[in-house]
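Visitor: Please take a close look at one part of this structure with me, starting from the empty space inside and working outwards. I am in my first year, so please explain each term as you use it.

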Amino acid sequence: KQLLKYCTFSKLFLSSKKIRDTKSVQWIVDTKDFLFVYESGSPLIRFLEDVNLTCSNKNGSFTIDQTEGEYQIFNNIWQGNGGVVNWERVELSRDSIYAYLSDYNIDIRKSEFSADSVKFYNRSLFEDYIIGDFADKIIAGTSGSYYPVFKSYKKDIILSNILPDVDYMGGYTLRGNDFIADGRKDASARMIMRRNNKEILVANAERFSIKDNIIYSASSAIRIYFDEDSIYHPSLQFTYDHNKRKLSLYRDNKAISGSPIYNSFHNVTIDAELLEWNIDDDYIYIGSLPATSKSSVYFESIANYDDALYHSLKGIDRDNPLILIKRFLEGTNRKEFTAREFARYTGYPEIQIQHYLINLANKGFLFYDVALHKAIVQTKLDNYVDARLKLKDYDVISFKSEVSNTSNSNMIIN
C-alpha cells in the first residue's frame with residue numbers, strides 16, 4: 001500500500017511539480033532542483049534551492065516565496081525554513097508590507113498554514129521589523145478577506161500621528177488589509193487624542209479598527225480631560241471620523257455600558273445615550289441618537305442619596321451590598337478588587353458575584369471591567385454608606401432633561 005502511494009505521488013510530482021492535487025486543495029513547488037531521500041524509514045523530497053511554494057483551490061491562492069524545505073510523502077507534512085509572504089492579494093504593496101518566516105510546518109491536506117516568530121515589515125509605519133504570529137488561509141466568502149493575518153507579540157508599540165493629532169499605543173494586527181489596534185484581553189490598546197498639543201482624550205479597548213480615516217471600537221473606556229478633572233465611562237462605543245472631525249460616544253444601557261457617565265468637573269453622573277463632539281469646537285453635545293423623537297438625559301449629584309434605592313439593593317440578601325463592599329475593603333486603602341476576591345469573602349459563587357457587581361456598576365456605585373472581572377469603587381458608594389450611617393451630609397439633587405430635535409445639554413471643554 002505504501003509502495004503504491006509512493007509511486008502515485010512520484011508520478012504526480014515529476015509530471016506537474018504538485019505535491020498535493022485533490023478537489024479541495026493543490027500544492028505546487030516551483031523548482032527543478034530536488035532529491036528523493038529515504039530517512040528514518042520514511043521517503044521524502046529535499047529541495048536544494050530556494051523555491052516558491054503555492055497553495056490554491058477554487059477560492060484563490062497564496063505563495064510562500066524563496067523558501068527552503070522538505071516534504072514527508074507519507075505524513076503529508078512540509079517542513080519549511082525561511083521564505084517571504086506578502087499581502088498583495090488584498091491590494092497591499094508587496095514591496096512595503098511583507099514578512100519573513102522562520103521554521104514552520106504545513107499539513108498540505110489543508111489550504112492554510114501558520115508560523116510563529118515571523119519578522120513583519122510595514123515600511124510606511126515602522127522603521128524596523130516587529131515579531132509576531134502569521135497565518136494564511138483560503139476560504140470562500142467575505143471571511144477570505146480576513147487573511148493573511150499578522151499579530152504582534154509586543155503590546156506597547158507606539159504609532160505617533162496614526163491620524164493627525166491621534167497617537168496609538170498597543171499591539172498591532174494586520175487582518176487582510178485592515179489594521180486592528182489590538183489590546184488583547186487586558187484592553188491595553190490606547191488611542192490618545194490631542195488638541196493644541198495637549199492631551200484631551202484617552203480611549204482604552206481590547207481593539208480598535210482603523211479604516212478610511214475612521215477609528216472604531218465597540219467597547220472602549222473613555223476619559224475626556226478638563227484640566228485636572230475629567231469625564232469618564234468604562235464602556236462606550238467609540239467612533240472617530242477624521243474626515244468630519246467628529247467623535248461619537250454611544251452608551252447602549254446593556255451590561256457595564258449601562259453605568260452612568262461620571263463627570264468629576266461638575267460632580268455629577270450623566271445618564272445619556274450619546275455624546276458628540278466636533279473636535280474643533282469647544283462644546284460636547286449630550287443627548288440621544290438623532291432618530292430619537294424625544295431626547296432624555298438624567299443628571300444626578302455625586303452627593304445624592306436615595307433611601308429607597310439603598311434598601312432596594314439589599315433585596316432578599318442578609319446584608320446590603322454597599323456595606324459588604326465597605327467591610328471587605330476596610331483598612332486596606334484599596335479601591336479596586338476582583339470578582340474572585342469578593343466571591344471568596346462573601347461565600348457566593350463567582351458568576352453570581354459578577355452579575356451582582358455589574359448591577360452596582362449600572363447604578364453608578366462601581367466601574368466594572370468585564371474582561372478582567374475587576375471592580376473600582378466610586379465616590380457614590382462611599383457617599384451612600386456615609387449618608388445611611390449619618391456620617392456626612394448629602395443632597396437630593398437630580399433632574400431629568402427631555403427635549404425634542406436637539407441636544408439636552410452642552411459641556412464646554414476649553
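Guide: The second largest cavity of this predicted model holds about 30 Å³ of space. A cavity is a set of points on a 1 Å grid over the protein atoms alone where a 1.4 Å probe fits but cannot get out, and its lining residues have an atom within 4 Å of a point; the points are joined across faces, edges and corners, and the volume is what probe spheres set on them fill. Around the second largest cavity stand I222, I224, I231, Y232, H233, L236, L249, I261 and L275. Two strands, β20 and β21, are the elements that each give two or more residues to this lining, and of the two it is β21 that supplies the largest share, namely 4 residues. Sorted by class, the lining has 8 nonpolar residues, 1 polar residue and no charged ones, where Ala, Val, Leu, Ile, Met, Phe, Trp, Tyr, Cys and Pro count as nonpolar, Asp, Glu, Lys and Arg as charged, and the others, Gly among them, as polar. Strands are DSSP runs of E with at least two residues, helices are runs of H or I with at least four, and both are numbered from the N terminus.

From here we can follow the same strands to an open space. The largest pocket has about 800 Å³ of space, a pocket being an open set of points with protein on both sides within 12 Å along at least five of seven lines. Its lining is made of 37 residues, and those that lie nearest the centre of the pocket are N204, A221, Y232, P234 and D369. Two or more lining residues come from each of the strands β18 (198-205), β20 (214-226), β21 (229-241), β29 (366-369) and β30 (374-377). Among these, β20 makes the largest contribution to the pocket, with 8 residues, while for the second largest cavity that place belongs to β21. Y232 takes part in both linings, since it is listed around the second largest cavity and also near the centre of the pocket. The pocket lining divides into 19 nonpolar, 8 polar and 10 charged residues, whereas the second largest cavity has no charged residues in its lining.

Strand β29 leads us on to the other closed space. Counting cavities of 30 Å³ or more, the model has 2, and the largest of them has a volume of about 70 Å³. The residues that line the largest cavity are S259, P260, Y262, T269, I302, A361, G364, L366, F367, Q378, T379 and K380. Here β29 and the helix α6 (379-388) each supply at least two residues, so that β29 serves both the largest cavity and the largest pocket. By class, 6 residues of this lining are nonpolar, 5 are polar and 1 is charged.

Turning to charged pairs elsewhere in the chain, we meet the salt bridges, in which a side-chain nitrogen of Lys or Arg lies within 4 Å of a carboxyl oxygen of Asp or Glu. The model has 26 of them. In one, R46 pairs with E70, and the closest N and O atoms are 3.0 Å apart. Because R46 sits in strand β4 (residues 42-47) and E70 in strand β6 (residues 60-72), this pair ties together parts that are 24 residues apart in sequence. R46 is partly exposed, with a relative accessible area of 26%, but E70 is buried at 16%; buried means under 20%, exposed over 50% and partly exposed in between, with a 1.4 Å probe and protein chains only. Another salt bridge joins D167 and R194, again with 3.0 Å between the closest N and O atoms. This second pair links distant parts of the chain, with D167 in strand β15 (residues 166-175) and R194 in strand β17 (residues 189-195), 27 residues apart. D167 is buried because its relative accessible area is 17%, and R194 likewise counts as buried, at 18%. Back at the R46 pair, salt bridges with shared partners join E39, R46 and E70 into one network.

A note on reading these values: residues are numbered from 1 along each chain as its sequence is written, and side-chain values use heavy atoms, without hydrogens or water. Local features need pLDDT of at least 70 and side-chain atom pairs 80 or more, while totals for chains, interfaces and linings use all residues.
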